[in-house]
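Biologist: Please take a close look at one open space in this model and tell me what forms its walls. Then set it against whatever else was found in the structure.

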Amino acid sequence: MTWAGASARVLDSITRKRAGQALDPGQIEGVVADHVAGRIPDYQMAAWLATVACRDLDLEETVALTRAFVAGGKRLGLGGPGRTVLDKHSTGGVGDKVTLVVVPLVAACGVAVAKMSGRGLGHAGGTLDKLESVDGLRLDLGAAEVRSLLDEVGMVITGQSEELAPGDRAVYGLRDATATVGSIPLIAASIISKKVAVGAHGLLLDVKTGTGALLPDHASSVRLAALMAELARAFGLRCRAVLTDMSQPLGHAVGNALEVREALAALRGEQVPGLSELSRALARLMLQNAEPELTDDAADRRVAHALDSGAAHELFLRWAGAQGADVRVLREPGLLPTAPRRAVVSADRSGWVAAVEPVVIGTAALRVGAGRLVRGAALDHAAGVVLRRRVGDPVRAGDPLAEIHYTDADPAVAVALTGSAFTIAAEPPAPRPLIHDVL
Ligand code: URA
């Protein structure tokens with residue numbers, strides 16, 4: 001394809017889509033390939049993305065876009081013969097450290113899990129940032145190391161290879177710059193293309209719903225979950241999608257080392273509100289993905305045994321050691337990075353906690369250094385927010401609602417934000433389910 005031919009194709013594609021017509025798969029694959037190869041400039045691709053975001057894509061078009069994103073990139077093919085390998089993905093939320101609990105939990109039940117994780121940006125944290133608070137842990141493994149860890153330990157968590165899904169990489173920044181990040185087919189193709197490139201046998205999608213979710217309205221989260229599950233199945237992945245609550249942070253801790261500490265507590269069998277229940281439920285679904293005949297009761301028993309026997313906790317430590325971590329720090333989580341200063345946010349009235357806005361808490365944590373506003377910014381792994389009250393808890397005026405952990409940052413903004421995140425009402429709120437639906 002010449003430069004002029006590529007330009008004609010993208011313009012024709014924009015014109016058709018703007019007129020509400022469906023694009024044929026070859027045209028979509030051609031446009032993405034031309035963009036990756038530099039045959040069409042970013043401004044034309046930006047116009048294409050904006051048109052798609054306004055006019056939407058149907059399932060066939062979204063399958064073609066996903067295939068186009070994967071094309072020309074590495075395929076890890078982790079789901080080869082011999083053993084079942086599962087993958088899991090969360091659309092991200094505040095205090096979402098479920099990966100750190102559910103991956104070792106499922107692996108301790110005998111099913112291998114491979115997880116390629118990313119970094120946080122804005123109010124939502126990223127698993128890589130959390131794990132980087134563990135001294136020595138290597139998170140840049142190559143494909144051969146991923147395979148040998150799956151054989152030897154049964155789990156792996158590492159950073160995403162730069163070579164997976166080059167089409168997605170090429171448009172990711174453009175989506176950010178054109179306010180098209182919220183387009184459901186663009187999100188679905190972006191996420192599933194990377195899952196197809198990893199190529200596990202099965203996939204569990206944890207799609208958040210609520211004010212802290214990627215898409216704030218429930219109907220959009222439902223549509224995203226259903227579309228991603230359909231896409232994954234179209235590429236031969238056994239997939240379940242779960243809609244889970246993100247109307248308040250998960251657990252108490254928001255911030256990198258704080259979250260690792262809380263995940264370790266959940267793995268030791270402590271009941272961490274939200275986190276423990278969700279991790280068990282997702283682990284059950286993952287086991288059933290690997291072994292479809294497994295009943296709910298049998299799966300729950302295996303999960304409970306892996307937690308109660310200490311096997312899941314031990315497996316996490318063994319895995320971390322195999323990836324270079326100083327395991328002493330995980331056995332004594334007091335040795336993880338710890339902020340030297342605390343600021344307490346207290347209730348200004350008595351009542352019941354009716355809301356703890358996750359985006360506001362995530363932003364407060366970011367303002368003391370736990371997150372980043374621009375890619376590549378340095379983090380304070382010890383910093384963050386620890387909730388002392390969650391939705392539904394009774395509170396008296398003067399009781400602590402949350403603690404800000406900080407090192408050098410001025411905590412004033414974080415304190416004000418955290419105070420504003422809480423709504424205290426005269427009546428207890430109606431309970432919200434943690435799991436809204438399973439698709
Ligand atoms: N994660 C991705 O990989 N892509 C998106 O578009 C959103 C979240």
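Modeller: A pocket, on a 1 Å grid over the protein atoms alone, is an open set of points with protein on both sides within 12 Å along at least five of seven lines, and a residue counts as lining if it has an atom within 4 Å of a point. The model is a predicted one. The part I take is the second largest pocket, which holds about 430 Å³ of space. Its lining is made of 21 residues. Nearest the centre of this pocket are Asp-245, Ser-247, Gln-248, Val-391 and Arg-432. Sorted by class, the lining has 11 nonpolar residues, together with five polar and five charged ones.

The domain assignment places this pocket in context. It divides the protein into domain 1 (3-55), domain 2 (85-331) and domain 3 (337-425). The second largest pocket lies between domain 2 and domain 3, because both of them give residues to its lining. As for domain 1, its C-alpha centre lies 44 Å from that of domain 3.

Enclosed space is a separate matter. Searching the whole structure gives two cavities of 30 Å³ or more. The volume of the largest cavity is about 170 Å³. This cavity is lined by 21 residues, and those closest to its centre are His-123, Ala-124, Gly-125, Ala-370 and Gly-371.

The ligand has its own set of neighbours. Around it are Tyr-172, Arg-175, Ile-187, Ser-190, Ile-191 and Lys-194. Three of these side chains can be described by polar distances. In Arg-175, a side-chain N or O atom is 2.8 Å from an oxygen atom of the ligand. For Lys-194, the distance from a side-chain N or O atom to a ligand oxygen is 2.5 Å. With Ser-190 the ligand atom is a nitrogen, which lies 2.7 Å from an N or O atom of the side chain.

Arg-175 also takes part in a contact with another of the ligand's neighbours. Its charged end sits over the ring of Tyr-172, at 5.6 Å from the ring centre. As for pairs of aromatic rings, the structure holds one.

To return to the part you asked about: the second largest pocket sits between domain 2 and domain 3, with Val-391 and Arg-432 among the residues nearest its centre.

Definitions and conventions: Residues numbered from 1 in each chain as written. Predicted model: local features only at pLDDT ≥ 70, side-chain atom pairs only at ≥ 80, totals over all residues. Heavy atoms only, no water. 1 Å grid on protein atoms, 1.4 Å probe; cavity = no way out; pocket = protein on both sides within 12 Å on 5 of 7 lines; lining within 4 Å. Points joined across faces, edges and corners; volume = space filled by probe spheres on them. Nonpolar A, V, L, I, M, F, W, Y, C, P; charged D, E, K, R; others polar. Domains from an automatic or database assignment. Phe/Tyr/Trp six-rings, centres within 6.5 Å; stacked < 30°, edge-to-face > 60°. Lys NZ or Arg CZ within 6 Å of the ring centre and 35° of its normal. Near = heavy atom within 4 Å. Polar contact = N/O pair within 3.5 Å; in protein donor to acceptor, adjacent residues only side chain to side chain.
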